[in-house]
Amino acid sequence: MIVVMKPGSPQEQVEHVIQLVREMGLKDHVIVGQERTVVAVVGDDRFKDRSVLESAPGVDKVVPILAPYKMASREVQKERTVVPLGGRIKAKVGGTTVAVIAGPCSVENKSQVLEIAHAVKEAGAVGLRGGAFKPRTNPYSFQGLAEKGLELLALAREETGLAVVTEVMSIDQVGLVNRYADVLQVGARNMQNFNLLNAVGEQAKPVLLKRGMSATLEEFLLAAEYIMSKGNTQVMLCERGIRTYEDYVRNTLALAAVPELHRVSHLPVVIDPSQGTGKSYLVDSMCRAAVAAGADALIVEVHNDPEHALTDGAQSITPKQFSEMMNSIRRIAAAVDRNV
Ligand code: PEP
Ligand code: MN
């Protein structure tokens, strides 16, 4: 970080700042300018308390230079992380191939999940999504089939080879979900459930971490850091739209997060255009835009009967629309030297 002194701050105030920096176990490098003095702090200061320096007499501002997250940061690891999804297909997220994960919002019954799984596999998906534990706003809404849903997902994997991506909502579900899933999904509403982040950080399965609907990218990356700091470095960052004043969409899909996350982090970035718009007719365009922007993977809600879906029917596309979308993103991918 850099400590900028107020114009004309006396030498003793600069000395005091230097003393505080040294007490923190860091080195100082003083630059005396025409109008002001600046104290550059040398060393890894990301876990130090900046406020001590901010409130010291004569200090104008303190400018952080290193990102507060470390393991998730590109400053620490230049090469991109590639996350293997599991399942028999053994697809990877983070290479030149765009991985597509698709399936229903919720697992509803055997024929529903199997029909959708076969259809999305046929169209080129490599992962099957589907919630068995659903975080619902209303406690009277469908809450998911729990273990029965996980069994159906495992059956669909058996039949199709697709990797199973499913949400774990609480620490006490981690063991159970881990037995069935290939990828543990942490939902937007749990992005800052730090105990859950620590718990999935102790598992040997990749984690799909969704951005909280009001979280900044820095908070998102710090959530990823929780998981990584527990030893699980297989983290995928999923942008799924944020809350804004807009009401033509359910959430505002922040696609600039793709290049920005790639700039500051080595972790792969996944786009969820379904929660990201809430409207099935916007999904296709957002998939194409996400691939053009460099997304490493897409996670898309597909339902064989959206009108009667138990959850998120309005944002679910049909298997036929999914297949058309896959064909259109193949062309976009080719234009940006990728493939699907
Ligand atoms: C979902 O994937 O169905 C879901 C609930 O996602 P999010 O946590 O992003 O709302
Ligand atoms: Mn959903």
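In describing the lining of a pocket, Ala, Val, Leu, Ile, Met, Phe, Trp, Tyr, Cys and Pro count as nonpolar, Asp, Glu, Lys and Arg as charged, and the others, Gly among them, as polar. With those classes in hand, the lining of the largest pocket in this predicted model comes to 3 nonpolar, 7 polar and 10 charged residues. The chain that holds this pocket has 340 residues, and buried residues make up 53% of them.

**The chain as a whole**

- The secondary structure of the chain consists of 11 helices and 14 strands, and its C-alpha atoms fill a box of roughly 75 × 45 × 35 Å when the box is taken along the principal axes.
- If one takes the contacts in the chain that have a separation of 6 or more, 68% of them are accounted for by residues 24 or more positions apart.
- About 15100 Å² of the chain is exposed, and carbon and sulfur atoms supply 51% of that area.

**The largest nonpolar core**

- In soluble globular proteins, nonpolar side chains tend to be buried together.
- The largest nonpolar core in this chain has 72 residues, and among these V200, L209, L298, V300 and F322 are the ones that touch the most other members.
- Helix α7, which covers residues 217-229, gives the most to this core, with 7 residues.
- When residues up to four places away in sequence are not counted, V200 touches V168, V174, L184, V186, V207, I227 and N232.

**Helix α8 and its neighbours**

- Helix α8 runs over residues 257-264, and its buried residues are A257, V258, L261, H262 and V264.
- These buried residues of α8 pack against helix α7 and also against two strands, β12 (235-239) and β13 (269-271).

**The two largest pockets**

- The largest pocket holds about 260 Å³ of space, and it is lined by 20 residues, of which P135, R189, R250, Q275 and D312 lie nearest its centre.
- The second largest pocket holds about 200 Å³ of space, and its lining is made up of M1, D45, R46, K48, R50, P64, I65, L66, A67, P68 and E218.
- Sorted by class, the lining of the second largest pocket has 6 nonpolar and 5 charged residues but no polar ones, whereas the lining of the largest pocket has 7 polar residues beside its 3 nonpolar and 10 charged ones.

Note on methods
Residues are numbered from 1 along each chain as its sequence is written. Chains are lettered from A and ligands numbered from 1 in the order in which they are written. This is a predicted model: local features need pLDDT of at least 70, side-chain atom pairs count only at pLDDT 80 or more; totals for chains, interfaces and linings use all residues. Side-chain values use heavy atoms; hydrogens and water are left out. A nonpolar core is a set of buried Ala, Val, Leu, Ile, Met, Phe, Trp, Tyr and Cys residues joined through side-chain atoms within 4.5 Å. Buried means under 20% relative accessible area, exposed over 50%, partly exposed in between (1.4 Å probe, protein chains only). Helices (H or I, at least four residues) and strands (E, at least two) are DSSP runs, numbered from the N terminus. Contact means heavy atoms within 4.5 Å. On a 1 Å grid over the protein atoms alone, a cavity is a set of points where a 1.4 Å probe fits but cannot get out, and a pocket is an open set with protein on both sides within 12 Å along at least five of seven lines; lining residues have an atom within 4 Å of a point. Grid points are joined across faces, edges and corners, and a volume is the space filled by probe spheres set on the points. Accessible areas come from the Shrake-Rupley method with a 1.4 Å probe; for residues, only the protein chains shown count as cover.
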